[in-house]
Amino acid sequence: MRLLPLAVALCLLASPRGAAADVAAPERIVVHDDRIELPAPIAFDPGQATVNLASRALLDEVAKALADHAWIEQIEIGVHSDERGADEYNLRLTGDRAAAVKTYLVAAGVAAARVAARGYGETRPLCSEHNP
């Protein structure tokens, strides 16, 4: 088994398949051998660990993709922040947000064992606007 990086803060642990991208998954996401590609980041209410209403449909599509692709053994939900805010606050908030995404996916029918949730705070920034 190997942990593979995924686009937009999702990581995937999967059995090797060697197949091309599967675009038969839900329309807005694409399942590749090494990542699930989302058209936009998962949004949260400002300063909260609540998944924004607009992102819930996207997470529903992720749940469907996981149901349709049993070869995906595990995904990692990795939530990141930029340098704004205190380090400790950012780490706690990203951890809470990752847990909220996991909770949502589990409620949507994804087995809890298939989802790992990790908050990275500002240790692994994805946004170059604020982190030089």
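This is a short tour of a predicted model, from helix H2 through the nonpolar core to the salt bridges.

**Stop 1: helix H2**

Start by selecting residues 87–107, which make up helix H2. Put a distance between the first and last C-alpha atoms of H2 and you should read 30 Å. For a helix of 21 residues, that is close to the 30 Å expected at 1.5 Å a residue.

Now colour the buried residues of H2: Asn90, Leu93, Thr94, Arg97, Ala98, Ala100, Val101 and Leu105. Turn the view until you look straight down the helix axis. Where do the buried residues of H2 fall from there? They sit within an arc of 155°, so they line one face of the helix.

Spin round to the face of H2 turned away from that buried side and pick out Glu88, Thr103 and Ala107, which are exposed. Then go back to the buried side and switch on its surroundings: H1, E5 and E6 are among the elements that cover the buried residues of H2.

Before leaving the helix, click on Gly109, just after H2. Its phi is positive, at about 105°.

**Stop 2: two residues on H2**

Zoom in on Leu93, one of the residues of helix H2. Is Leu93 buried or exposed? Its relative accessibility is 12%, and the cut-off for buried is under 20%, so Leu93 counts as buried. Leave out its neighbours within four places in sequence, and you'll find Leu93 in contact with Gly47, Gln48 and Ala49. For a longer reach, draw a line from the C-alpha of Leu93 to that of Val79: the two are 14 residues apart along the chain and 9.0 Å apart in space.

Next, move along H2 to Ala100. With its neighbours within four places in sequence set aside, Ala100 is in contact with Ala49 and Val51. Ala49 therefore turns up in both contact lists, that of Leu93 and that of Ala100, under the 4.5 Å heavy-atom cut-off. Try a C-alpha to C-alpha line from Ala100 to Ile77 as well: it spans 9.9 Å, for a pair 23 residues apart in sequence.

**Stop 3: the nonpolar core**

Ile77 makes a good bridge to the next selection. The largest nonpolar core has 24 residues, and Ile42, Ile75, Ile77, Val101 and Leu105 touch the most other members. Show those five as spheres first, then bring in the elements around them. Helix H1 (53–68), strand E5 (72–80) and helix H2 each supply at least two residues of this core. Which element gives the most? That is H1, with six residues. As general background, nonpolar side chains tend to be buried together in soluble globular proteins.

**Stop 4: Glu76, a buried acid**

Stay on strand E5 and select Glu76. With a relative accessible area of 5%, Glu76 is buried. Show its side chain and look at what it meets. One polar contact goes to the side chain of Arg118, at 2.8 Å. Another goes to the side chain of Tyr120, at 2.7 Å.

The pairing with Arg118 is also a salt bridge, with the closest N and O atoms 2.8 Å apart. Zoom out a little to see what it connects: Glu76 is in strand E5 and Arg118 in strand E6 (residues 115–121), so this pair, 42 residues apart, links distant parts of the chain. The two ends differ in exposure, because Glu76 has 5% relative accessibility and counts as buried, whereas Arg118 has 39% and counts as partly exposed.

**Stop 5: the Asp34, Arg35 and Glu37 network**

How many salt bridges does a search of the whole structure find? There are five. For the last selection, take Asp34, Arg35 and Glu37, which are joined into one network by salt bridges that share partners. Centre on Arg35. Its side chain meets that of Asp34 in a salt bridge of 2.8 Å, N to O, and Arg35 forms another with Glu37, where the closest N and O atoms are 3.7 Å apart.

Add a surface to check exposure here. Arg35 is partly exposed at 26% relative accessibility, Asp34 is partly exposed at 31%, and Glu37 is partly exposed at 32%.

Conventions. Residues numbered from 1 in each chain as written. Predicted model: local features only at pLDDT ≥ 70, side-chain atom pairs only at ≥ 80, totals over all residues. Heavy atoms only, no water. Core = buried A, V, L, I, M, F, W, Y, C linked by side-chain atoms within 4.5 Å. Buried < 20%, exposed > 50% of the residue type's maximum accessible area, 1.4 Å probe, protein only. Helix = DSSP H or I, 4+ residues; strand = E, 2+ residues; numbered from the N terminus. Polar contact = N/O pair within 3.5 Å; in protein donor to acceptor, adjacent residues only side chain to side chain. Salt bridge = Lys/Arg side-chain N within 4 Å of Asp/Glu carboxyl O. Expected span 1.5 Å × (residues − 1). Arc of directions from axis to C-beta.
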